[in-house]
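Colleague: I'd like to learn how to read a model like this one, feature by feature. Could you walk me through it?

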Amino acid sequence: MSKEFYDRAVRVLPNGVTRPFRFFEPYPFYCKKAYGSKLVDLENRVYTDYWQGHGGLVLGHLHPSTVNAAKEQLELGFHWGVCNEWEVKLAEEVSKLVPSVEMITWTNSGTEANLIALKLARAYTHRDKIGKFEGHFHGIVEPLYIATGLGGLADTPDSAGHDPSSARNTVVLRSHNQESYKTIKKESMACVMLELVSSASHVPEEKEFIKGLREVCDETGTLLIIDEVITGFRLAPGGAQEVWGVSPDITTFGKAITGGEFAVGAVGGKRQIMELMNCKKYPKPSDHVSQGGTYVGNPLSMRAGYAAMKVYQEGSLYTHINKLGQKLIDGLQEAIKDTHVNAKVTGIGSLVKLHFLKTSGVGADLRSLKMNADSQTDNKYFHHLLSKGIFAMIPNEVHFYICLPHTEEEIDELISASRSFLKSLAPLETRTI
Ligand code: PMP
């Protein structure tokens with residue numbers, strides 16, 4: 001049945017998919033339902049899901065909090081296109097959990113949130129240049145969709161069709177590198193945008209480097225924007241910024257804002273920056289930062305998000321998913337040690353990745369891991385896991401999102417499946433392990 005849909009899909013969707021990395025050989029399975037940590041395909045096969053809706057489902061599929069909130073709202077209407085109480089209530093909750101967010105605005109995606117964040121930074125500082133870090137992903141906003149590591153680490157667009165001048169004002173910086181501080185001091189930048197854990201490769205930034213970055217931004221009047229589309233409400237109630245102890249000027253969010261179930265994004269930050277969106281205060285179009293989106297702040301997403309925030313506030317969720325994350329890191333590391341395979345594990349909290357490497361003696365920093373990534377082995381690993389009923393994200397860059405419904409037993413199964421794969425790659429003399 002999945003085959004039949006794929007055959008139909010290739011006629012109407014490029015490569016049969018809506019997002020390129022959703023394709024895998026020979027054809028993707030088509031999902032018919034999900035619950036907790038599981039996905040079920042049209043053939044009734046059940047998978048333990050570590051894809052978890054692109055990482056946003058911190059509470060897993062169909063958590064009662066978001067489901068009940070959505071059910072109640074469905075009776076009342078879910079797209080009004082006018083003000084509603086839930087957009088206010090959710091804004092108050094986010095602001096409570098993330099103290100750097102004094103004001104917020106809603107978008108439909110993380111990509112749109114980053115687009116608006118850049119405009120706010122430029123309008124506030126009256127500067128044009130922006131800094132982004134190589135290997136970091138911020139959606140497909142043209143000036144940010146370069147050096148992401150998907151197409152390479154060069155400071156050229158990672159897509160065809162960009163305005164050739166779109167990256168003219170983008171300065172590509174390197175993490176864990178003091179040269180980046182010098183570049184920020186030299187160039188007059190509106191902002192520096194970064195992730196505290198790089199998406200997909202799941203490499204956490206060094207705390208000292210981030211502390212220094214905050215200081216350099218303060219010294220130079222450059223706004224610090226932290227993209228928490230993945231890490232927000234996943235690493236802690238206050239996101240990665242709580243864990244790192246850093247206060248950005250602007251934060252962007254997505255995914256987990258609505259419990260991961262409904263399309264969403266958000267930009268929040270200091271009041272004086274966010275006020276640039278206040279059309280009453282700045283009536284001239286050239287003075288205020290514009291906002292758009294037919295579905296932004298719709299009561300269905302906002303109400304579900306409000307319910308999810310109540311679960312995030314309890315905090316016990318993080319004890320559980322972080323413990324499972326550590327168990328997975330330890331189990332994978334032990335399996336690598338036993339099998340002597342050229343691989344490394346990175347991650348923090350519920351974000352974990354096993355990196356297969358083309359050469360040995362490679363550092364554990366983002367650049368070294370990206371430059372030496374063995375994506376062919378990653379792809380085989382993806383299919384090996386799939387054959388055991390485990391669905392990881394994504395075919396050529398396997399990484400895991402652990403969520404509330406995942407259990408110790410499921411993590412044991414994942415470790416055991418990974419160990420058997422590593423064993424199949426291991427040098428002959430170690431295969432008896
Ligand atoms: N920022 C980061 C860090 C992301 O990982 C993503 C998407 N995975 C985005 C932005 C874009 O978010 P969206 O897909 O909601 O546009």
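Modeller: Gladly! Let's begin with burial: a residue counts as buried under 20% relative accessible area, as exposed over 50%, and as partly exposed in between. Keep in mind that this is a predicted model. A good case to try is H288, which has 18% relative accessibility and therefore counts as buried.

Colleague: Where is H288 found?

Modeller: H288 sits in the loop that runs between α8 (271-274) and α9 (299-314).

Colleague: And which residues is H288 in contact with, leaving aside its neighbours within four places in sequence?

Modeller: Those are L276, N278, C279, Y282 and P283. With Y282 there is also a polar detail: the H288 side chain reaches the backbone oxygen of Y282 at 2.8 Å.

Colleague: Let's take a helix next. Which residues of α5 are buried?

Modeller: Start with the general idea. An α-helix has 3.6 residues a turn, so residues three or four places apart point the same way. Now for the case here: α5 spans residues 178-186, and its buried residues are S180, Y181, T183 and I184. These lie on the same side of α5 because they cover an arc of only 165° around the axis.

Colleague: What is on the other side of α5?

Modeller: There you find Q178, K182 and K186, which are exposed.

Colleague: And what covers the buried residues of α5?

Modeller: The cover includes three strands, β5 (129-133), β6 (170-173) and β7 (189-194), together with helix α6 (207-220). Have a look at the start of α5 too, where a side-chain oxygen of N177 comes to within 2.8 Å of the backbone nitrogen of E179.

Colleague: How do I read a buried residue in a strand?

Modeller: Ask the same things as before: where it sits, how much of it is accessible, and what it touches. T107 is in strand β4 (residues 103-107), and its relative accessible area of 2% makes T107 buried. Beyond its neighbours within four places in sequence, T107 has contacts that include E112, A113, I116, V264 and Q291. The T107 side chain also reaches the backbone oxygen of S109 at 2.8 Å.

Colleague: Is S2 buried or exposed?

Modeller: S2 counts as buried, because its relative accessibility is 1%. S2 lies in helix α1 (residues 2-12). With neighbours within four places in sequence left aside, S2 is in contact with Y27, P28, F29, Y30, L42 and E43.

Colleague: Now the charged pairs. How many salt bridges does the structure hold?

Modeller: There are 23 of them. For each pair, check the N to O distance and then the place of each partner. R303 and E72 form one, with their closest N and O atoms 2.8 Å apart. Since R303 lies in helix α9 and E72 in helix α2 (residues 64-74), the pair ties together parts that are 231 residues apart in sequence. R303 is buried at a relative accessible area of 12%, whereas E72, at 47%, counts as partly exposed.

Colleague: Which side chain does K310 meet in a salt bridge?

Modeller: That of E93, at 3.6 Å from N to O. This pair also links distant parts of the chain, with K310 in helix α9 and E93 in helix α3 (residues 85-97), 217 residues apart. Here E93 is buried, with a relative accessible area of 3%, while K310 is partly exposed at 33%.

Colleague: And what about D338 and R419?

Modeller: D338 and R419 form a salt bridge whose closest N and O atoms are 2.8 Å apart. D338 is in helix α10 (residues 316-339) and R419 in helix α13 (residues 408-425), so to speak two distant parts of the chain, 81 residues apart. D338 is partly exposed, with a relative accessible area of 24%, and R419 is partly exposed too, at 22%.

Colleague: Which residues are linked in a network of salt bridges?

Modeller: R214, D218, D249 and K270 are linked in that way.

Colleague: Finally, the surface. Which residues make a nonpolar surface patch?

Modeller: Y35, V46 and L62 make one of about 280 Å². Of these, Y35 is in strand β1 (residues 31-35), and with 39% relative accessibility Y35 counts as partly exposed.

How values were computed. Residues are numbered from 1 along each chain as its sequence is written. This is a predicted model: local features need pLDDT of at least 70, side-chain atom pairs count only at pLDDT 80 or more; totals for chains, interfaces and linings use all residues. Side-chain values use heavy atoms; hydrogens and water are left out. Buried means under 20% relative accessible area, exposed over 50%, partly exposed in between (1.4 Å probe, protein chains only). Helices (H or I, at least four residues) and strands (E, at least two) are DSSP runs, numbered from the N terminus. The arc is that of the directions from the helix axis to the C-beta atoms. Contact means heavy atoms within 4.5 Å. A polar contact is a pair of N or O atoms within 3.5 Å; within protein, one must be able to donate a hydrogen and the other to accept it, and residues adjacent in sequence count only if both atoms are side-chain atoms. Patches are made of residues with over 30% relative accessible area and no salt bridge: like charges are joined within 9 Å, nonpolar side chains (Val, Leu, Ile, Met, Phe, Trp, Tyr) within 5 Å. Accessible areas come from the Shrake-Rupley method with a 1.4 Å probe; for residues, only the protein chains shown count as cover. A salt bridge is a side-chain nitrogen of Lys or Arg within 4 Å of a carboxyl oxygen of Asp or Glu.
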